[in-house]
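Q: Please take a close look at the sheet in this model. I would like its strand order and edges, what packs across the strands, and how the aromatic rings are placed.

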Amino acid sequence: PMLYLYAFSPAGIGAGVTGVADAPVHAVGAPGLYAVVSEAPTGRLRPQRRHLAAHQHVLNELALRSDVLPASFG
């Protein structure tokens, strides 16, 4: 499946958060560097308010848990 990227982090964070299209967020990678992702929605992802808000919500939640390098929307 295609993945939607929210951020990179040195910690495997993301569990318990839902992101774009209400997909569960999780981390993939190895100790020291993880990509925080969710399954990408099918079709074209448009910059609608609900998608932008979901992306920002995930970034805010991640920032509370660890250092993150955020990815831009889409």
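A: What follows covers the sheet and then the parts around it.

The model is predicted. The chain has one helix and four strands, and along the sequence these come in the pattern β-β-β-α-β. The radius of gyration is 11 Å, close to the 11 Å that the globule rule gives for 74 residues, so the chain is as compact as a globular protein of that length. Along the principal axes, the C-alpha atoms fill a box of roughly 30 × 25 × 20 Å.

The four strands make up an open sheet, ordered E2-E3-E1-E4, with antiparallel pairing. The edges are held by strand E2 (26-30) and strand E4 (69-70); each has a single partner strand, so one side of each is left without a neighbour in the sheet. Strands of a sheet pair through backbone hydrogen bonds, either parallel or antiparallel. Between E2 and strand E3 (residues 33-39), which run antiparallel, there are five bridges. One of the residues to locate here is Ala-27, whose bridge partner in E3 is Val-36.

The helix comes next. Helix H1 spans residues 49-65 and lies across strand E1 (3-9), E3 and E4. Relative to E1, helix H1 runs at about 25°.

Strand E1 also takes part in the aromatic contacts. The structure holds two aromatic pairs. In one of them, the ring centres of Tyr-4 and Phe-73 are 6.3 Å apart and the planes stand at 55°; the pair is therefore tilted, since edge-to-face would need an angle over 60 degrees. Tyr-4 lies in strand E1 and Phe-73 in the segment after E4, so the pair ties together parts that are 69 residues apart in sequence. The two residues can also be described by their exposure: Tyr-4 is buried, with a relative accessible area of 6%, whereas Phe-73 is partly exposed at 22%. The cut-off for buried is under 20% relative accessible area. Ring pairs join Tyr-4 and Phe-73 with Tyr-6 in a cluster.

Some totals for the whole chain complete the picture. Among contacts with a separation of 6 or more, 62% are between residues 24 or more positions apart. Of the 74 residues, 32% count as buried. The accessible surface of the chain is about 4700 Å², and carbon and sulfur atoms account for 57% of that surface.

Technical notes
Residues are numbered from 1 along each chain as its sequence is written. This is a predicted model: local features need pLDDT of at least 70, side-chain atom pairs count only at pLDDT 80 or more; totals for chains, interfaces and linings use all residues. Side-chain values use heavy atoms; hydrogens and water are left out. Two strands pair if DSSP finds at least two bridges between them. Helices (H or I, at least four residues) and strands (E, at least two) are DSSP runs, numbered from the N terminus. Contact means heavy atoms within 4.5 Å. Axes are lines fitted to C-alpha atoms, for helices over the stretch in contact, and angles run from 0 to 180 degrees between N-to-C directions. The radius of gyration is taken over C-alpha atoms; the globule rule is 2.2 Å times the number of residues to the power 0.38. Buried means under 20% relative accessible area, exposed over 50%, partly exposed in between (1.4 Å probe, protein chains only). Accessible areas come from the Shrake-Rupley method with a 1.4 Å probe; for residues, only the protein chains shown count as cover. Rings of Phe, Tyr and Trp (its six-membered ring) pair if their centres lie within 6.5 Å; planes under 30 degrees apart count as stacked, over 60 as edge-to-face and the rest as tilted.
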